[in-house]
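Work through these exercises with the model open beside you. Each task is followed by a solution in steps.

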Amino acid sequence: MASKRIDQIAGHLNYPKGMLAGQVAIITGSGQGIGAEAARLFANEGAKVVVADVDAKKAQGVADEINQSGGAAIAVAGDVMNDEYVKELVKKAAEFGQGKIHIIVNNAGYTWDGVIHKMTDKQWHTIVDLHATAPFKIVRAAAPYFRVKDGEARNIINISSTSGLHGNAGQINYALAKAGVTGITKTIAKEWGPQFGVRANTVAFGHILTRLTAAKEAGAFVTTADGTKVALGIPQAQKGGAVPAEAQNLDIPLRRPGTATEAASAVLAVASPLFSYVNGQTISVTGGRNM
């Protein structure tokens with residue numbers, strides 16, 4: 001029911017031309033999951049979407065779907081931790097936007113968990129670089145397209161997590177990185193808001209149904225630049241195993257996890273004119289879970 005209602009609402013939002021009509025949006029990690037849903041919703045609201053993902057096939061698939069549905073999108077595949085790719089991403093986005101970029105959604109990422117006393121330096125630096133350093137470098141590279149005074153709306157949305165707001169056992173690297181992006185957000189708001197009117201906000205997700213929260217036993221993984229395979233998901237035993245559905249998610253007042261579409265819809269809302277006076281804030285999308 002909730003997902004159907006979201007679809008109904010999304011279908012009514014793009015009147016007459018779309019809330020993001022004419023705006024160029026870079027969305028990292030948009031080859032699947034929340035990022036892909038955000039790409040579709042942004043395009044439905046009139047944005048020209050740059051689908052950025054390390055998986056070239058998935059990125060192109062999302063872009064093709066948007067274009068075939070009457071929207072406008074290009075795929076720019078690569079690793080956000082590669083400095084040359086960051087330059088290429090911004091360059092191609094600006095070309096697609098005929099010299100303009102309006103929105104950046106720093107969404108790309110995955111988890112590489114481990115308890116404190118077993119966390120390796122490689123785990124630590126990979127996740128911190130992916131979730132904090134990469135967003136900074138993308139924003140820095142795109143600065144010439146945001147530090148402008150043309151009267152057009154511009155905003156940056158950094159994706160965080162309840163792990164960054166409250167910490168989480170087994171995720172000290174991820175918690176640090178996701179806490180860090182809130183500081184990046186607030187600094188952008190204070191530096192680029194006064195002269196250029198740039199809005200910057202953080203969206204922090206709770207339990208959203210993606211490959212990162214699926215059962216680890218399902219076998220999903222990502223491969224790092226050096227070929228290391230990182231398993232994704234949560235061990236079934238940790239999730240509760242055979243616990244009845246009604247006994248799960250008791251820490252969430254809505255008693256269910258969110259969907260990727262619900263998560264992406266929150267990102268769309270923050271990017272839209274509906275949030276035109278919201279700046280430097282962290283929006284929690286958790287179903288009421290605050291711990």
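**Exercise 1. Find the bridge partner of Ile 103 in β5, then place β4 between its partner strands.**

Step 1. Keep in mind that this is a predicted model. Ile 103 has Asn 155 as its bridge partner in β5.

Step 2. Move along β4. Val 105 is paired with Ile 157 of β5.

Step 3. Put the pairing together. Strand β4 covers residues 103-106 and is joined to β5 by 4 bridges, and the two run parallel.

Step 4. Turn to β1, residues 24-28. It runs parallel to β4, with 3 bridges between them. Here Ala 25 is the residue whose partner in β4 is Ile 103. Ile 103 therefore has a bridge partner in β1, Ala 25, and another in β5, Asn 155. **Exercise 2. Decide whether the residues of β4 and β5 are buried or exposed on their two sides.**

Step 1. Recall the general pattern. Side chains in a regular strand alternate between the two faces of the sheet.

Step 2. Sort β4. Ile 103 and Val 105 point one way, Ile 104 and Asn 106 the other. All are buried.

Step 3. Sort β5, residues 155-161. One side carries Asn 155, Ile 157, Ile 159 and Ser 161. The other carries Ile 156, Asn 158 and Ser 160.

Step 4. Read off the burial. Both faces of β5 are covered, and 7 of its 7 residues are buried.

**Exercise 3. Give the strand order of the open sheet and name its edges.**

Step 1. Follow β5 to β6, residues 199-205. The two strands pair in the parallel sense over 7 bridges. Ser 160 stands opposite Ala 204 of β6.

Step 2. Go on from β6 to β9. These strands also run parallel, joined by 4 bridges. Phe 205 has Val 285 as its bridge partner in β9.

Step 3. Write the full order. The open sheet has 7 strands, β3-β2-β1-β4-β5-β6-β9, with parallel pairing.

Step 4. Mark the edges. β3 (72-77) and β9 (282-285) each have a single partner strand, so one side of each lacks a neighbour in the sheet.

Step 5. Add the twist. Neighbouring strands of this sheet are turned by 20° against each other on average, direction ignored.

**Exercise 4. State which strands α8 and α10 meet, and why α10 counts as largely enclosed.**

Step 1. Start with α8, residues 172-196. This helix lies across β5, β6 and β9. Its direction is at about 160° to β5.

Step 2. Take α10 next. It packs on the sheet and touches β4, β5, β6 and β9. Its direction makes about 165° with that of β6.

Step 3. Check the length of α10. At 1.5 Å a residue, its 12 residues should span 16 Å. The end C-alpha atoms are 17 Å apart, which agrees.

Step 4. Count burial. In α10, 11 of the 12 residues are buried, so the rest of the structure largely encloses this helix. Among the buried residues are Thr 261, Glu 262, Ser 265 and Leu 268.

**Exercise 5. Describe how α5 and α8 cross.**

Step 1. Get the geometry. The axes of α5 (residues 121-141) and α8 come within 8 Å and cross at roughly 15°.

Step 2. Classify the angle. An angle under 35 degrees counts as roughly parallel, so α5 is roughly parallel to α8.

Step 3. Assign the hand. The crossing is right-handed.

Step 4. List some of the contact residues. From α5 they include Trp 124, Ile 127, His 131 and Phe 136. From α8 they include Tyr 174, Leu 176, Val 181 and Trp 192.

**Exercise 6. Locate Asn 249, and say whether this residue is buried or exposed.**

Step 1. Find the segment. Asn 249 sits in the loop between α9 (236-239) and α10 (260-271).

Step 2. Apply the cut-off. Buried means under 20% relative accessible area. Asn 249 has 19%, so it is buried.

Step 3. Look at its contacts. Leaving out residues up to four places away in sequence, Asn 249 touches His 207, Arg 255, Arg 256 and Pro 257.

Step 4. Compare sequence and space. Asn 249 and Arg 289 are 40 residues apart along the chain, and their C-alpha atoms are separated by 9.6 Å.

**Exercise 7. Sum up the whole chain: how many helices and strands, and what share of residues is buried?**

Step 1. Count the elements. The protein chain has 10 helices and 9 strands.

Step 2. Take the burial. Of its 291 residues, 46% are buried.

Step 3. Look at contact range. Among contacts with a separation of 6 or more, 69% join residues 24 or more positions apart.

Definitions and conventions:
Residues are numbered from 1 along each chain as its sequence is written. This is a predicted model: local features need pLDDT of at least 70, side-chain atom pairs count only at pLDDT 80 or more; totals for chains, interfaces and linings use all residues. Side-chain values use heavy atoms; hydrogens and water are left out. Buried means under 20% relative accessible area, exposed over 50%, partly exposed in between (1.4 Å probe, protein chains only). Contact means heavy atoms within 4.5 Å. The expected span of a helix is 1.5 Å times one less than its number of residues. Two strands pair if DSSP finds at least two bridges between them. Axes are lines fitted to C-alpha atoms, for helices over the stretch in contact, and angles run from 0 to 180 degrees between N-to-C directions. Angles under 35 degrees count as roughly parallel, over 145 as roughly antiparallel, 65 to 115 as roughly perpendicular and the rest as oblique. A crossing is left-handed if the near helix is turned anticlockwise from the far one by less than a right angle, and right-handed if clockwise.
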